[in-house]
Amino acid sequence: MAYLLPFTPSATPPPPDVPEQKPTKSITALKKSALVIEPHDSLSSYLVKSLNDAGYTARTAQSGEEGLRLYRECAPFHVVLIDYCLPRSNGQVLDYCQPQQHGIELAMEIRQLNPSQPMIIAAFEYEHAHEVPRPEELRGVPVLVGVGNELRQMLGKIDVERAIQELTTSDLLRLRQFAASRMFALGRAARGRTGEDLLSEAMLRTLMGLESVEKGRHWNKNVDFVRHLTGAMQSIAHCWKRTFNDNEPYLACELLKFGEEGEEISPFESLASRRPTVAQDVIAREQEDQILAIFKNDREAVAVVEGLLEGLKKNEIVQKYGLAQKRYEAVLKRIRMRLSRLRPDEHGDEHGR
Amino acid sequence: MADRRNRDHLERLWDELAECVFRLSDEATLAESTETGADPQEEAERTRLVLQHALQSVESVNRRLSSLGHTINPKSWKSDGNVFQNRCLNCGTILMFTAGEPRCLALYTRCPAATKGEVLSDRLFQRPIS
């Protein structure tokens, strides 16, 4: 005979004269929403508080059946938290004698209703996440086994996943173009890496930043996600360049030029010796000359490149060369597109060399 | 003119070329992609996939290391600016990877200190003995 415990809802029932509020969909529209399906009051309170601290509004359910009903009425939620050891309810009571693994079944049902619904399985009875048995379909669902930062990190990752999903086509194309431009600027320091590698690295730093600011790049949610990624890409690209310059300076033979009669001319000869950045200066000048040579027939492009190389600001360039703002942007686009065709990763060209 | 130029100014040129994509309207951004002969939607989705793939990469690397018998503390990944590093608690091998290229011998070789026979997939998540 099954031993049945009376079902006791955690929330105090409303006074008779106040009609019970019917769950509405508005909760999901107002701010980040969560559904917590947790039979234990203390754990439920802990999870709800943690979610509130992370900017979520949470609905709670004590049984799988109640949780599924709420889910059907109010889905989708930004996250659904399910206790692994969820007892079944038998009408009005929770049956604690049945195997308490209903959380997994519930997660599977929700997965079937909405395969992209972010979920977290709470299994505080276990010490390690890998010990929690679950079907292959739920392998990707994070399992919460401890208190502290773990839930915050999981929610942070869900935020990042959502931010990626919400990127528009234009956002994604801009990110792609930005990454490609930064890689082009790296020249040899790119070491065969592409814009996609830079994007991946930026995402990885963001992921590490969820755990600790020291380990990665923390995403401040007040900052637009695209801007966050471009900031990360910029600093990574600078880091790659710095590391490359420190460890792999150009070989003098790579910079050799040949005179009209075929004699070797080292560019180092024309520079003051013993300067610590002599190689870098040569590289920079080489790059400048190459860029200017590419645009030798495009007067406007040369003007903009010259202006930027002189350290002029946009307004100063516009004024100095009598360009309209729109024209300036069009010229920049022309330069960018022309240079992008020289990218070694796409065209096998040695970076315009 | 050449004397006034330096590497900082060259950097400014690169910065300006990279930044100018954010001053383009959505329509201009899509048009630019089309001009290069690419399908904007396809390019965009490919980019999204790169981001999503990177997001899963740490877990993938952790799973891969685990299946090879390496035991790490998953919270101990550290970045030196270029690569992410951790250390196998069994064999002491330094494990490294980057998002773009998981290039580490340990990702392809079994942990020599792991128990012979079937490697338990849960070894990875063992916490270090304090």
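**Interchain helix crossing and sheet organisation in a predicted model**

Helix α6(A) passes helix α2(B) in a left-handed crossing, meaning that the near helix is turned anticlockwise from the far one by less than a right angle. The structure is a predicted model, in which local features need pLDDT of at least 70 and side-chain atom pairs count only at pLDDT 80 or more, while totals for chains, interfaces and linings use all residues. Residues are numbered from 1 along each chain as its sequence is written, with chains lettered from A and ligands numbered from 1 in the order in which they are written.

The two helices comprise residues 169–186 of chain A (α6) and residues 26–35 of chain B (α2); their axes come within 9 Å and cross at roughly 60°. Axes are lines fitted to C-alpha atoms, for helices over the stretch in contact, and angles run from 0 to 180 degrees between N-to-C directions. The arrangement of α6(A) relative to α2(B) is therefore oblique, given that angles under 35 degrees count as roughly parallel, over 145 as roughly antiparallel, 65 to 115 as roughly perpendicular and the rest as oblique. On the α6(A) side, Thr169(A), Ser170(A), Leu173(A) and Arg174(A) meet Asp26(B), Thr29(B), Leu30(B) and Ser33(B) of α2(B), contact being defined by C-beta atoms, placed from the backbone, that lie within 7 Å. This contact of α6(A) with α2(B) contains two nonpolar, four polar and two charged residues. In this classification, Ala, Val, Leu, Ile, Met, Phe, Trp, Tyr, Cys and Pro are nonpolar, Asp, Glu, Lys and Arg are charged, and the others, Gly among them, are polar.

Across the contact between the chains, 52 residues come from chain A and 47 residues from chain B. Helix α6(A) gives the most to the side of chain A that touches chain B, with 12 residues. By class, that side of chain A has 22 nonpolar, 12 polar and 18 charged residues.

The secondary structure of chain A comprises 13 helices and 10 strands, taken as DSSP runs of H or I (at least four residues) and of E (at least two), numbered from the N terminus. An open sheet of five strands in chain A follows the order β3-β2-β4-β7-β8, with parallel pairing; strands pair if DSSP finds at least two bridges between them. Its edge strands are β3 (56–61) and β8 (143–144) of chain A, each pairing on one side only. Strands β4 (residues 79–83) and β7 (residues 119–122) of chain A run parallel and are joined by four bridges. Asp83(A) has Ala122(A) in β7(A) as its bridge partner.

Note on methods
Contact = placed C-beta atoms within 7 Å.
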